[in-house]
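The exercises below ask you to work from the sequence and the structure, each with a solution set out step by step. Please try each task before reading on.

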Amino acid sequence: MNTGAVRAWDAVDASASNRADVLAELNGRIRSMQRNTLGAGAEAPVIPVVSELAGLFPGGGLRPGGVYEVLSPLLVTMLLAEATRRGDWVAVIGMPDFSAAAASSIGVDFERLILVPHPGDQGVRVSATLADVMSVVVLGGAASVASAEAQRLEARLRRTGSVMLRLGSWPGSEDRLSVAERQWGGLRSGHGHLASCRLTATARGRGGAPRRVFFTLSEMSDPPDLIEHSNE
């Protein structure tokens, strides 16, 4: 599969000893390809998300420079789809179970995706490096983050306008996003097969009332992998 995702995977995994050199090379390559879409500050336009999730955000999208806690791999993947569709680059770091098939079925463009599934103890450092050139950076929940590291990374995100989605907790995040409820369709009394899933997703900010959206996944050939691994 000749994709940007696979090239990054191979490059980073194949030579852990010179990982810093590999990251510097990737940084240079991506910077030369990245559109000039990043911006920061209150006046910067939000990064659009799929219509199903737009109601979770006051401006209809992700605020540049922000950090969001996301407690569902499904929501993480959906939040990447619109960014890649409009030509932005995104990165997924420290998520070895990230499902390429499910991501593709949801609409993520693999030509705009960098995967670093096994960053070791360098997850935050890799995130900071890629935040210079990516519109959205996803950091898996296994990576531990010290307070000082978190503050430095937040400052870098505010400077570059990149958005970070943290699969897990992050002190001081903009919002905590999760799937609150699922209702499966297609099952009858004792038989049937899963044909659809209606979900309720919520966003809880700092002191504000939670925001909710409702949507249905109707093609269930791949998304169940993401739903089953949701950890909210």
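## Exercise 1: A pair within a helix

Glu 82 and Arg 85 lie three residues apart in helix α3, which means that about one helical turn separates them. In this predicted model, find how the side chains of Glu 82 and Arg 85 meet, and work out whether Glu 82 is buried or partly exposed.

Solution. Begin with the charged atoms: the two side chains, of Glu 82 and Arg 85, meet in a salt bridge with an N to O distance of 2.7 Å. Then turn to the surface: Glu 82 has a relative accessibility of 22%, and because buried means under 20%, Glu 82 counts as partly exposed.

## Exercise 2: The length and cover of α3

Check whether the span of helix α3, residues 73-85, agrees or disagrees with its number of residues, and state how many of those residues are buried.

Solution. The expected span is 1.5 Å times one less than the number of residues, so the 13 residues of α3 should span 18 Å, and the end C-alpha atoms, 19 Å apart, agree with this. As for cover, eleven of the 13 residues are buried, among them Pro 73, Leu 74 and Thr 84. After the helix comes Gly 87, which has a positive phi near 105 degrees.

## Exercise 3: Strand β6 and its neighbours

Determine which strands are joined to β6 by bridges, and in which direction they run, parallel or antiparallel.

Solution. On one side of the question stands β4 (residues 90-93), which is joined to β6 by four bridges and runs parallel to it, with Val 92 having Val 138 as its bridge partner. Four bridges also join β6 to β7 (residues 163-166), again in a parallel arrangement, and here Val 137 stands opposite Met 164. Between β6 and β7 the chain passes through helix α6 (residues 147-160), in a β-α-β crossover that is right-handed. Both faces of β6 are covered, with Val 136 and Val 138 buried on one side and Val 137 and Leu 139 buried on the other.

## Exercise 4: A link across the sequence

Identify what joins Arg 156 to Asp 132, and which parts of the chain the pair ties together.

Solution. The side chains of Arg 156 and Asp 132 meet in a salt bridge of 2.9 Å, N to O. Since Arg 156 is in helix α6 and Asp 132 is in the loop between α5 and β6, the pair ties together parts that are 24 residues apart in sequence. Arg 159 belongs to the network as well, as salt bridges with shared partners join Asp 132, Arg 156 and Arg 159.

Methods. Residues are numbered from 1 along each chain as its sequence is written. This is a predicted model: local features need pLDDT of at least 70, side-chain atom pairs count only at pLDDT 80 or more; totals for chains, interfaces and linings use all residues. Side-chain values use heavy atoms; hydrogens and water are left out. Helices (H or I, at least four residues) and strands (E, at least two) are DSSP runs, numbered from the N terminus. Buried means under 20% relative accessible area, exposed over 50%, partly exposed in between (1.4 Å probe, protein chains only). Two strands pair if DSSP finds at least two bridges between them. A crossover is right-handed if, with the strands pointing away from the viewer, the path from the first strand over the helix to the second runs clockwise. A salt bridge is a side-chain nitrogen of Lys or Arg within 4 Å of a carboxyl oxygen of Asp or Glu.
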